[in-house]
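Me: I have a model open and want to work through it by question and answer. Keep the replies brisk, please.

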Amino acid sequence: MDQSLNCIIIDDEKKDRENLCLLLQVYCPFVTVIGEANDRESIIDILSRLKPDLVFMDIQLGTVPIFEILNNIDYLNFRIVFVTAHDKYAIRGYQYDAIDYLLKPIEPKRLVEAVNKMVHLKSMSSTQKNIIKEFHAKAVTSPKISITDARGVHMVETIDILYCMSNGNYTIFILVNEREIVISKNLKHFEVKLKTYDFLRIHKSYLINVNHIDFMVKEQGGYVVMKNGKSLPVSKNGKKELYERMNIL
């Protein structure tokens with residue numbers, strides 16, 4: 001599998017760009033930095049001239065959020081890893097189909113995980129990529145469901161649920177902002193309740209929102225990597241249904 005990737009680094013802090021370059025050289029030597037940018041003009045210019053596979057973007061450039069600049073770019077023909085000192089923008093970033101979010105200071109392990117996601121995505125067939133994009137597109141308008149815990153009733157948009165995890169007779173909801181809600185009902189209850197909202201039981205312990213799958217790995221028994229970087233195992237029966245749902249031959 002060809003691991004080579006071309007990337008661009010966008011950050012208004014020179015030391016942060018230099019630090020990321022060094023981390024890539026040491027931990028991801030197959031990634032080539034083909035350009036850097038630090039403000040609106042240089043970003044628009046470099047993205048129009050070069051064809052990166054991956055762009056590392058600082059979310060906040062001075063007082064300007066990167067989203068304001070992205071909205072002025074007609075076609076995003078690259079994948080994005082957002083880099084930020086805060087995680088408050090994570091949910092908004094999903095509309096740009098971001099691969100990952102790295103918090104500053106960047107941990108080498110998290111950087112490698114983010115880059116490996118891009119390597120796997122690059123190796124996928126165009127059909128598989130299109131199917132995943134269709135799932136993501138369906139998530140733009142998201143219905144709300146009510147879930148009740150000991151404190152009261154939570155109204156949660158289904159797109160904000162990454163996955164549900166079994167814990168005996170309890171179910172833990174993992175949300176995109178890393179928030180967790182513990183419900184005193186088993187996973188089977190929610191498997192039935194969420195079936196019509198693109199949720200799939202991939203394992204006895206996990207019910208996932210397929211809109212938040214980043215990529216699927218066939219080796220080591222098979223597992224999926226979710227948008228938050230978590231790897232979840234897939235059982236034999238779960239794999240069969242998952243492949244059918246994603247139209248993978």
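Me: Is lysine 104 buried, partly exposed or exposed, going by its relative accessibility?
Reply: Note at the outset that this is a predicted model. Lysine 104 has 25% relative accessibility. Buried needs a value under 20%, and exposed a value over 50%. Lysine 104 therefore counts as partly exposed.

Me: Which residue meets the side chain of lysine 104 in a salt bridge at 2.9 Å, N to O?
Reply: Side chains of opposite charge can pair when their charged atoms come close. Lysine 104 lies in the loop between strand 7 and helix 5, and its partner in the loop between strand 1 (5-10) and helix 1, so the pair ties together parts that are 93 residues apart in sequence. That partner is buried, with a relative accessible area of 4%. The residue is aspartate 11.

Me: Lysine 104 also forms a salt bridge with aspartate 58. How many residues apart in sequence are the parts that this pair ties together?
Reply: The closest N and O atoms of lysine 104 and aspartate 58 are 3.2 Å apart. Aspartate 58 counts as buried at 5% relative accessibility. Lysine 104 is in a loop and aspartate 58 in strand 3 (residues 54-58), so the salt bridge ties together parts separated in sequence by 46 residues.

Me: What kind of peptide bond joins lysine 104 and proline 105?
Reply: Most peptide bonds are trans. Here omega is about -10 degrees. Proline 105 sits in the loop between strand 7 and helix 5 (108-123). The bond from lysine 104 to proline 105 is cis.

Me: Tyrosine 101 lies in strand 7 (residues 100-103). Is tyrosine 101 buried or exposed?
Reply: The C-alpha atoms of tyrosine 101 and phenylalanine 82 are separated by 4.8 Å, with their positions 19 residues apart along the chain. The relative accessibility of tyrosine 101 is 15%, so the residue counts as buried.

Me: How are helix 1 and helix 5 oriented to each other: roughly parallel or roughly perpendicular?
Reply: Helix 1 (residues 14-27) packs against helix 5 at an angle of about 75 degrees, with the axes 11 Å apart. Angles of 65 to 115 degrees count as roughly perpendicular. Helix 1 and helix 5 are therefore roughly perpendicular.

Me: How do the residues of the contact of helix 1 with helix 5 divide into nonpolar, polar and charged?
Reply: Helix 1 brings Leu20, Leu23, Leu24 and Tyr27. Helix 5 brings Pro108, Leu111, Val112 and Val115. The division is 8 nonpolar, no polar and no charged.

Me: Which residue of strand 15 is linked to lysine 117 of helix 5?
Reply: The two side chains meet in a salt bridge at 3.5 Å, N to O. The pair links distant parts of the chain, 97 residues apart. Lysine 117 counts as buried at 1% relative accessibility, and its partner is buried too, with a relative accessible area of 2%. The residue in strand 15 (residues 213-217) is aspartate 214.

Me: Which residues do salt bridges that share partners join into one network with Lys117 and Asp214?
Reply: The count of salt bridges comes to 14. Lys117 and Asp214 belong to one network. The others joined into it are Asp100, Arg110, Glu113 and Lys227.

Me: Which strands stand at the edges of the open sheet of 5 strands?
Reply: The order is 12-11-10-14-13, with antiparallel pairing. An edge strand has a single partner, so one side is left without a neighbour in the sheet. Neighbouring strands are turned by 20 degrees against each other on average, direction ignored. The edges are strand 12 (180-183) and strand 13 (199-203).

Me: Which residue in strand 14 stands opposite phenylalanine 199?
Reply: Strand 13 and strand 14 (residues 206-209) pair in the antiparallel sense over 4 bridges. Helix 7 (residues 187-194) lies across both strands, among others, at about 25 degrees to strand 14. Opposite phenylalanine 199 stands asparagine 209.

Me: What is phi of aspartate 198, roughly?
Reply: Most residues other than glycine have a negative phi. Aspartate 198 has a positive one. The residue is in the loop between helix 7 and strand 13, and it is buried, with a relative accessible area of 15%. Its phi is near 65 degrees.

How values were computed:
Residues are numbered from 1 along each chain as its sequence is written. This is a predicted model: local features need pLDDT of at least 70, side-chain atom pairs count only at pLDDT 80 or more; totals for chains, interfaces and linings use all residues. Side-chain values use heavy atoms; hydrogens and water are left out. Two strands pair if DSSP finds at least two bridges between them. Helices (H or I, at least four residues) and strands (E, at least two) are DSSP runs, numbered from the N terminus. Axes are lines fitted to C-alpha atoms, for helices over the stretch in contact, and angles run from 0 to 180 degrees between N-to-C directions. Contact means heavy atoms within 4.5 Å. Buried means under 20% relative accessible area, exposed over 50%, partly exposed in between (1.4 Å probe, protein chains only). Angles under 35 degrees count as roughly parallel, over 145 as roughly antiparallel, 65 to 115 as roughly perpendicular and the rest as oblique. Ala, Val, Leu, Ile, Met, Phe, Trp, Tyr, Cys and Pro count as nonpolar, Asp, Glu, Lys and Arg as charged, and the others, Gly among them, as polar. A salt bridge is a side-chain nitrogen of Lys or Arg within 4 Å of a carboxyl oxygen of Asp or Glu.
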